[in-house]
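These are my notebook entries on a set of look-ups in one structure. I set out to record helix burial, helix packing and the contacts of aromatic rings.

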Amino acid sequence: MNSKLNSREMTSVLINLISVKMLFTYPRYLVERMENGAWISVALWGAVALGIFWLTQYVYLKTERTNILMQAEMLGGRLFKAVVGIVVIVLLMFNIAPMVRTFPEAIKTVLLQNTSMLTIITILAIGVAIGARFGIEPLARVASIFLPIACAFVIFFFITLIPHYKTTNLFPISAFKVTAGGVSALSVFGDIFVLNLLLPYAKDMKTVKKAGMASIVIGGLAGFLIVLAYCLTYLYPVSAKFIVPMYQLARNLRIGTYFQRLESIFEFVWSISIFIYTSVYVFVMCDVFRQSFNLKHYKPLVFPILMILLRLTFWESGYIEAQQSNFVNSAVFYPIFYILPLLFGLFTLIKMRRRGRER
Amino acid sequence: MKKVIIIILLVLLSGCTHAIEPNDLAYIVAVGMDKNDAAGAYDITLQIANPQAISGGSDEGGGEGGKKTITNLTVTSTDIFSAVNIANHIYSKDLSLAHTKLILFCDEIAKDGSIKNLSETFARSEEIRPNAFLSVVKGSAKEYLTSIEPTNELNPVKYYEVIYDVDYTGYIPKNQIKSFYVYEQSPERENVLPLSAVKKDENTSSDNNGVASSSGGGKSESGGSDGGEQSSSSGGGQGSGQGGSEGGSGQESSKPLPNAGTQNEYDGFEYMHKDYLAGEIALGGDIKTQTCGMAVFRDGKMIDECGAVEALLYNMLTGDYEMSEISYKNIKTPNDPVTVMQYRRKKPKVSVNIDDDIPKIKVKLYLEADLRTLNEGYVIEMDIDDFEEQVSAEVKAAAEKFLYKTAIEYRSDIVGFGSFIKSHFKTFDDFAQYGWEEKYPKSEFDVDVEFEVRRSGLINKKHG
């Protein structure tokens, strides 16, 4: 609790959380719903997410840097805080389970065909456990070092893919699908909810505001570029078929005849980003549990929470069924990530004002 | 304790547990698929590179004329992966498809539609690269692969790249696994594949067929380029000697052409060149394998073969054309064609109007050229405007004739005009329901050509 994250570190963590989904299955799910107009939805609903975040932080400016758990205690006592904590942990688990599942499956498919899944998962679990035990500060620092590298790769990919772009692939664009029908694009930015849980680790509200805004803009821009590149390269309905769109794009990359198979660079970015992503989430879940039950340490919780997460992740033995859970996740849970902090913030504000009047 | 854990982790997480040494691998550089008599089975020829012979170079005993750089294995199996599995029991190394550059299908497979299912298999595979080339072989794919003798390249992968990824002839279309799969899944465009074959014997090569019979029909014979009249005789029995310039430019040569009467000649566009098909190029020497022309598909099935000239037109219309040496008939010197180095100045501009039941398709081609060869006594510099106008008309006529052929005879939008009408629809389902496949054969075409001679080589004459 002593360590406080500065704006850059906080922003790096959040950008990683927002954009890592884009490296995996998200572009495909967006295209499934919005066809090849999905890139517009990312931009449009990114602006909406920015608006919601601005509103939320405006409320939180007046609630004195309290996160949802502190507010729950203020509103309904310790028991209510514990209940809210458990609900938040469950939501977070369901949010990351598909990503945690996709990574070893994708690695097994494209990189380590001869390695058993158990080995891959064990390595992932060890890496995540170590990261989560180190805490948010080292994770944030690693994220801030890694972020410029990842950004450079995204820009490099976007530029080197230009010969594969065809503007006709972007059509047809359905106004309904990208606007009202594209509301699920908000799920891309749902991870901003973690910022609320990390409020006690932020230096001040100015840091929070800056980090939140910057992460939505930069993460949204990365997502926009990735989805746009995907839609420009692959026409619909084929674009709705590839499991890992970014990898599919990376396979097309080549610079002359000398530089080919550049997807290996992508695999590096993939691996580091998913380790940071999962470690941050496991840390946050442990920390939420610690705060909910007023525990002193979070480190002993890392192993059990990780085990529960992995059990949930591999609940479905087949990857095909597991993908369905991603559908449920992005279609159902993401509104809660926006509504919950706003509602708690508003109720806390009302209660604080009432108290002020009573005094 | 921490140090011990770190050391153990370093050893365990190094990723070497399942590593395969490059020396234990053998790379399949090309695969040929032929039809087998048994249902669902193929004779699959795997062409395996010999890295030691390639890296040794010809001076060190390897790669003598390329003969030792490749080994061919033929296995009967249901698909490529099963074939590789069987071959792994025969070959002393672990066979990998990671460097496969070419997948060939015999024309029998291409015609029965199995290629569509196979393209899905390739797209699903993480091992086969999306930029591997596909090609249809006239005859046997096995015969083609066993006849390959790379003369200038020790590395067979490089050899296939040079042959199939060529930017400076335009006589074959480029269609890799990625594109083939994508267009098979969408109604906006049909596929074409390069045509390969083993050279026929001298006795049989003079018997040109196929393209000749189909190139005579179409729009240009109706004498105009307005696109309004569609000849019902497309692909009919007329030889192409009456095509090109007669219909398109409205010009007639004052003298009979030197080789007049040969079926495959175009009078105007690509003057004096034969509309070659793979296996029929009259070449001397020992090279037996040829790649020229294209196989045309509709609904995943090969329906016809197009020759080199039509492949060139196809590339111009799709924008894949980069540059090539082209001979044009010149009215002023009808017996001496003008050869130019022609470039694509920019991508073609396409507009498709679907307001009526008959789609109206307009294409504008932007070409420029450098002079190469012409009659010594003729000062083309003084007639450059006439020549440009004449070439524009010839290309226009040839392109329109080709497009009407794709619409009326093939009923297959191989150029991909369907992709330009998608913006008229709200959703993909609306586009699919429009039924572009049924509408395309009714299309009217108007090709406009902007041709400009930019440079004259190292000579610029002002008088004869």
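The entries below follow the order of helices first, rings afterwards. I worked from a predicted model.

Entry 1, a covered helix. I looked up helix α2 of chain A, residues 26-34, and found eight of its nine residues buried. The buried residues are A:Tyr26, A:Pro27, A:Arg28, A:Tyr29, A:Leu30, A:Val31, A:Arg33 and A:Met34. Just past α2(A), I noted a positive phi of about 55° at A:Glu35.

Entry 2, a helix pair. I examined α5(A), residues 117-134, against α12(A), residues 299-313; their axes lie 10 Å apart, at an angle of about 145°. The crossing of α5(A) past α12(A) is right-handed. From α5(A), the contact draws on A:Ile121, A:Ala125, A:Val128, A:Ala129, A:Ala132 and A:Arg133, and α12(A) supplies A:Lys299, A:Val302, A:Leu306 and A:Leu310. By class, I recorded eight nonpolar residues, two charged and no polar in this contact.

Entry 3, aromatic pairs. My search over all chains returned 37 aromatic pairs. For A:Tyr230 and A:Tyr234, the ring centres are 5.9 Å apart and the planes meet at 55°, so I entered the pair as tilted. A:Tyr230 is buried at a relative accessible area of 0%, and A:Tyr234 is buried at 1%. I also recorded a cluster, linked by ring pairs, of A:Phe24, A:Phe103, A:Phe156, A:Phe157, A:Tyr247, A:Phe266, A:Trp270 and A:Phe275.

Entry 4, charges over rings. In chain B, I found the charged end of B:Lys346 over the ring of B:Tyr366, 4.4 Å from the centre. B:Lys439 lies over the face of B:Tyr434, with 4.7 Å to the ring centre.

Methods:
Residues are numbered from 1 along each chain as its sequence is written. Chains are lettered from A and ligands numbered from 1 in the order in which they are written. This is a predicted model: local features need pLDDT of at least 70, side-chain atom pairs count only at pLDDT 80 or more; totals for chains, interfaces and linings use all residues. Side-chain values use heavy atoms; hydrogens and water are left out. Buried means under 20% relative accessible area, exposed over 50%, partly exposed in between (1.4 Å probe, protein chains only). Helices (H or I, at least four residues) and strands (E, at least two) are DSSP runs, numbered from the N terminus. Axes are lines fitted to C-alpha atoms, for helices over the stretch in contact, and angles run from 0 to 180 degrees between N-to-C directions. A crossing is left-handed if the near helix is turned anticlockwise from the far one by less than a right angle, and right-handed if clockwise. Contact means heavy atoms within 4.5 Å. Ala, Val, Leu, Ile, Met, Phe, Trp, Tyr, Cys and Pro count as nonpolar, Asp, Glu, Lys and Arg as charged, and the others, Gly among them, as polar. Rings of Phe, Tyr and Trp (its six-membered ring) pair if their centres lie within 6.5 Å; planes under 30 degrees apart count as stacked, over 60 as edge-to-face and the rest as tilted. A charge sits over a ring if NZ of Lys or CZ of Arg is within 6 Å of the ring centre and within 35 degrees of the ring normal.
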